[in-house]
Amino acid sequence: MVIVAGLIVAFVLVLIFSDRKTRNCRWREDRTLDVGEGRAYRCMACGALDSTVTGKPPKDCKAGGKSV
Ligand SMILES: [Zn+2]
């Protein structure tokens, strides 16, 4: 059971850290860059560009951890 608990803790930590990593990204819809059904988003923090078809901002930053 200790091992299972450890795995859960590790998993939660990974979630927290990965979330913190992308939290710096502030995706903003840029309608001037929309393509078809896709929505273009620009990251206000690092300037990355991405587009999604889900209507929601991208989860990841495309800048690959480049600091601002
Ligand atoms: Zn970003």
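Glu29 is partly exposed, with a relative accessible area of 32%, and Glu29 forms a salt bridge with Arg31 in this predicted model. The closest N and O atoms of that pair are 2.7 Å apart. A search of the whole structure turns up 4 salt bridges, so charged side chains are a good place to start before we turn to the fold around them, where β1 and β3 stand at the edges of the sheet.

**Salt bridges**

- Arg31, the partner of Glu29, counts as exposed because its relative accessibility is 61%, above the 50% cut-off.
- Glu29 and Arg31 do not stand alone: together with Asp34 and Arg39 they are linked in a network of salt bridges.
- Within that network, Arg39 and Asp34 form a salt bridge whose closest N and O atoms are 3.1 Å apart.
- Both of these residues count as partly exposed: Arg39 has a relative accessibility of 28%, and Asp34 has 24%.
- Asp30 and Arg42 also meet through their side chains in a salt bridge, at 3.6 Å from N to O.
- Asp30 lies in the loop between β1 and β2 while Arg42 lies in strand β2, so this pair ties together parts that are 12 residues apart in sequence.

**A closer look at Asp30**

- Asp30 sits in the loop that runs between β1 (27-29) and β2 (39-43).
- Is Asp30 buried or exposed? Asp30 counts as buried, because its relative accessibility of 16% falls under the 20% cut-off.
- Its salt-bridge partner Arg42 is partly exposed, with a relative accessible area of 30%.
- Leaving aside residues up to four places away in sequence, Asp30 touches Ala40, Tyr41 and Arg42.

**Overall layout**

- The chain holds 1 helix and 3 strands, and read from the N terminus its elements follow the order α-β-β-β.
- Of the 68 residues in the chain, 16% count as buried.
- The accessible surface of the chain comes to about 5,600 Å², and 60% of that belongs to carbon and sulfur atoms.
- If you look at contacts between residues at least 6 apart in sequence, 14% of them join residues at least 24 apart.

**The sheet**

- The 3 strands form an open sheet in the order β1-β2-β3, with antiparallel pairing.
- β1 and β3 (49-52) stand at the edges with a single partner strand each, so one side of each has no neighbour in the sheet.
- On average, neighbouring strands of this sheet are turned by 35° against each other, direction ignored.
- β1 and β2 pair in the antiparallel sense over 3 bridges, and one pairing to look for is Arg28 with its bridge partner Arg42 in β2.
- Arg42 therefore appears twice in this picture, as the bridge partner of Arg28 and as one half of the salt bridge that ties Asp30 in the loop to strand β2.
- How many bridges join β2 and β3? These two strands pair in the antiparallel sense over 4 bridges.
- Arg39, which also makes the salt bridge with Asp34, has Thr52 in β3 as its bridge partner.
- β2 and β3 form a hairpin with 5 residues between them. In the turn, Gly47 has a positive phi of about 80°.

**The helix and its surface patch**

- Helix α1 spans residues 2-23, and Leu13 lies in it.
- Which residues form a nonpolar patch on the surface? The patch is made of Val4, Ile8, Val9, Val12, Leu13 and Ile16, which together have about 490 Å² of accessible area.
- Leu13, one of the patch residues, counts as partly exposed because its relative accessibility is 42%, between the 20% and 50% cut-offs.

**From helix to sheet**

- Asn24 is found in the loop between α1 and β1.
- With a relative accessible area of 55%, Asn24 is exposed, because that value is over the 50% cut-off.
- Asn24 and Cys43 are 19 residues apart in sequence, and their C-alpha atoms are 9.1 Å apart in space.

Definitions and conventions:
Residues numbered from 1 in each chain as written. Predicted model: local features only at pLDDT ≥ 70, side-chain atom pairs only at ≥ 80, totals over all residues. Heavy atoms only, no water. Patch = residues over 30% accessible without salt bridge, like charges linked within 9 Å, V, L, I, M, F, W, Y side chains within 5 Å. Areas by Shrake-Rupley, 256 points an atom, 1.4 Å probe, with all protein chains shown as cover. Buried < 20%, exposed > 50% of the residue type's maximum accessible area, 1.4 Å probe, protein only. Contact = heavy atoms within 4.5 Å. Pairing = 2+ DSSP bridges. Axes fitted to C-alpha atoms, helices over the stretch in contact; angles between N-to-C directions.
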